[in-house]
Amino acid sequence: MLPHRLQLLGQGRPARQSQVAARPLRVRTRPCPVQQRGRAVLARVSTVKRPESFAPESISWDEEVAGYNFLSKEEEYVNSVDEEDGNCPVYIDREGNIINVMCCDYGFRSNSGRLYQEGYGKIPHSMWHLAWANFAQEWTQLRRSFRYDEYGKIAAVNPPQGPLGKASYAAGSAVVRLFSRLDRWLEERRLFSALLPEALPKEVFDTKTGSMTESCKQIRSKLAQLKLSNKAVWDREHAREAAGGGVDTPWFVKGIYLSLCVFLDVAYDNRPLQRFWFLETVARMPYFSYITMLHLYESFGWWRAGAELRKVHFAEEWNELHHLQIMESLGGDQLWVDRFMAQHAAIVYYVILVGLFTLSPQLAYNFSELIEAHAVDTYGEFADANKELLQTLPPPLVAAQYYLSGDYYLFDEFQTSLSGSSLRTPKCDTLYDVFINIRDDEGEHVKTMAACQDFSIMDDLEVRRETERRI
């Protein structure tokens with residue numbers, strides 16, 4: 001049944017047996033026939049129970065894929081899977097544990113636009129090709145946003161308050177109706193192409209019912225129940241400041257920070273996942289701007305002492321990228337207006353931080369410390385307020401890949417305040433664990449940003465150099 005090239009480690013490749021525990025197993029997210037379970041894929045399943053016979057030693061080597069995979073003799077286990085409702089990928093961590101991951105990954109982008117999915121790692125096309133392809137895709141989504149009134153979804157969870165709010169909502173609704181009618185008029189005259197509702201991704205489409213899979217409906221229903229109170233977040237921030245955990249900052253930096261926070265409270269009230277996606281899109285920019293400036297100073301021959309710091313900032317950006325992709329997998333980037341605001345805000349934020357770093361690196365780091373401290377308060381409040389519901393949901397695949405793969409290099413690299421036995425080994429069994437991990441990640445970013453301002457980062461890096469790394 002399985003390809004003849006699969007061999008047991010004990011029969012032909014004994015030298016590789018010692019490497020099993022040091023290398024993570026990964027499962028692609030595309031549907032696949034059971035015959036392929038000997039490759040880097042396991043059949044999708046609704047519920048998975050780890051067989052008693054499964055162990056890290058029960059691994060086979062596939063020369064074509066060049067990776068460790070399930071033993072072909074696990075036939076009875078895999079064949080016992082009910083494939084009729086087979087929509088949930090599973091993940092195998094470095095210890096050989098089977099982790100149920102979320103069945104309903106429904107971010108706007110897929111394939112090469114997402115980590116660890118098909119096409120991930122491919123070389124991009126030219127800038128002009130990418131720009132045109134993205135414009136064509138977003139143009140269609142912009143038309144859909146008016147024709148099918150995506151903005152009504154925002155109004156449903158965040159109804160207008162007071163005369164001013166009701167007036168602005170009424171004006172907005174009128175604009176949506178106007179553009180919707182204009183789009184239909186242009187389509188009828190064949191000036192615009194025909195527009196249909198967006199089809200469901202194949203990963204969540206049930207071919208028997210012609211609609212979304214039942215498991216995905218249940219997950220989306222639970223995600224829609226998640227709440228975040230703006231007042232509770234501010235109360236938590238004020239309590240932190242009263243306890244001595246505030247960030248000393250110049251008034252103009254504080255003003256920019258408060259403006260951003262007020263915007264988030266208004267634009268993303270009662271929409272926590274969309275708020276988090278916006279935050280994580282913007283949160284990558286500081287580290288990109290720091291790398292830009294440090295690299296520029298090196299190229300000019302002005303300053304080369306920041307080379308190791310660039311590595312830390314890259315690890316921080318890599319961490320925020322995974323936070324971003326987690327929020328995408330939860331549907332945070334579904335609406336066109338959210339993508340438009342977040343991506344343009346990110347570019348503006350990048351330019352501002354490059355300017356701040358040019359004037360004073362300490363100012364740039366100070367602003368990031370403010371943002372990261374706010375993120376700690378926000379994620380902490382969200383996790384506490386939704387703990388019971390989050391504990392009933394599995395983690396997204398990208399979260400399992402990041403926190404359970406066993407590749408600790410970049411994960412340890414951004415946590416400059418930790419070393420040796422204090423290094424974190426987070427668990428990732430539920431969505432609650434994921435948000436606790438993100439909260440703690442942001443806390444480490446706060447410490448690093450503070451250390452970059454008082455120059456204690458040099459001592460942290462010195463300790464890092466003298467400490468044996470995890471592998």
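This report describes the overall make-up of a predicted model and then the surroundings of two of its acidic residues, E442 and D93.

Across the protein there are 17 helices and seven strands, and buried residues make up 50% of its 471 residues. Of the contacts with a separation of 6 or more, 77% are accounted for by residues 24 or more positions apart, while the accessible surface comes to about 23,500 Å², with 58% of that area belonging to carbon and sulfur atoms.

E442 is placed in helix α16, which spans residues 431–454. Leaving aside neighbours within four places in sequence, E442 is in contact with E280, E320, H323, E372, A375, V376 and Y379, and with one of these, H323, its side chain forms a polar contact of 3.3 Å. E369 lies 73 residues from E442 in sequence, yet the two C-alpha atoms are 9.6 Å apart in space.

D93, by contrast, is placed in the loop between β4 (90–92) and β5 (98–100). A polar atom of the D93 side chain lies 2.8 Å from the backbone nitrogen of N97, and, again leaving aside neighbours within four places in sequence, D93 is in contact with I99 and L404.

The relative accessible areas of the two residues are set out below.

| Residue | Relative accessible area |
|---|---|
| E442 | 1% |
| D93 | 8% |

Because buried means under 20% relative accessible area, E442 at 1% is classed as buried, and D93 at 8% therefore counts as buried as well.

Definitions and conventions. Residues are numbered from 1 along each chain as its sequence is written. This is a predicted model: local features need pLDDT of at least 70, side-chain atom pairs count only at pLDDT 80 or more; totals for chains, interfaces and linings use all residues. Side-chain values use heavy atoms; hydrogens and water are left out. Helices (H or I, at least four residues) and strands (E, at least two) are DSSP runs, numbered from the N terminus. Buried means under 20% relative accessible area, exposed over 50%, partly exposed in between (1.4 Å probe, protein chains only). Contact means heavy atoms within 4.5 Å. Accessible areas come from the Shrake-Rupley method with a 1.4 Å probe; for residues, only the protein chains shown count as cover. A polar contact is a pair of N or O atoms within 3.5 Å; within protein, one must be able to donate a hydrogen and the other to accept it, and residues adjacent in sequence count only if both atoms are side-chain atoms.
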